[in-house]
Amino acid sequence: MINKPLVSVLMTCYNREPYISEAIDSVLDSHFTNFELIIVDDCSTDNTLESAKKYEAKDKRIQVYVNEKNLGDYPNRNKAASYAKGKYLKYLDSDDKI
C-alpha cells in the first residue's frame, strides 16, 4: 500500500513569478512533513511554471500541473482539488506564505 499524505496543499498560480518561490519555500520549511504540494499553473505567460518545476525536480512531494487553457481562479482551484490525495485540503495562494 502506498502511503497517502495527510494534507494536500493546493497552490494555483497565474503569473506569480516574483512570489511563487517564497510561497513554496514556506511550505517546505514547515515542521509538518506529511503533505503533498500540488501546484496548478493556469497558463502563465511569465516564468512561474519554470520556477515551480525546479522545486518539483527536487522534492517528490511536489507535483506541478499545467492547464490546457486558462480556467480562472475558482475553476482552477477546483482543478487542483481534483488531483489531491490527502485526507485534508489546504489552499495556499501562490503569493502568500503558510
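Reader: What span should helix α1 have at 1.5 Å a residue, and how far apart are its end C-alpha atoms?
Author: In this predicted model, α1 covers residues 17-28, which makes 12 residues. At 1.5 Å a residue the expected span is 16 Å, and this agrees with the distance between the end C-alpha atoms, 18 Å.

Reader: Within what arc do the buried residues of α1 fall, seen down the axis?
Author: The buried residues of α1 are Ile 20, Ala 23, Ile 24, Ser 26 and Val 27. Viewed along the helix axis they line one face, because they fall within an arc of 155°.

Reader: Which elements cover the buried residues of α1?
Author: α1 packs on the sheet, where it touches β1, β2 and β3. The cover of its buried residues includes these strands and a helix: β1 (7-13), β2 (35-41), β3 (62-66) and α2 (48-58).

Reader: Which strands stand at the edges of the sheet?
Author: The sheet is open, has four strands with parallel pairing, and follows the order β3-β2-β1-β4. An edge strand has a single partner, so one side of it is left without a neighbour in the sheet. The strands in that position are β3 and β4 (88-91).

Reader: Which residue of β4 is the bridge partner of Val 9?
Author: β1 and β4 run parallel and are joined by four bridges. In β4, the partner of Val 9 is Lys 90.

Reader: Is Thr 48 buried or exposed, and what is its relative accessible area?
Author: Thr 48 lies in helix α2. Its side chain reaches the backbone nitrogen of Arg 16 at 2.8 Å, and a polar atom of that side chain lies 2.9 Å from the backbone nitrogen of Glu 17. Buried means under 20% relative accessible area, so Thr 48 counts as buried, with a value of 0%.

Key
Residues are numbered from 1 along each chain as its sequence is written. This is a predicted model: local features need pLDDT of at least 70, side-chain atom pairs count only at pLDDT 80 or more; totals for chains, interfaces and linings use all residues. Side-chain values use heavy atoms; hydrogens and water are left out. Helices (H or I, at least four residues) and strands (E, at least two) are DSSP runs, numbered from the N terminus. The expected span of a helix is 1.5 Å times one less than its number of residues. Buried means under 20% relative accessible area, exposed over 50%, partly exposed in between (1.4 Å probe, protein chains only). The arc is that of the directions from the helix axis to the C-beta atoms. Contact means heavy atoms within 4.5 Å. A polar contact is a pair of N or O atoms within 3.5 Å; within protein, one must be able to donate a hydrogen and the other to accept it, and residues adjacent in sequence count only if both atoms are side-chain atoms. Two strands pair if DSSP finds at least two bridges between them. Axes are lines fitted to C-alpha atoms, for helices over the stretch in contact, and angles run from 0 to 180 degrees between N-to-C directions.
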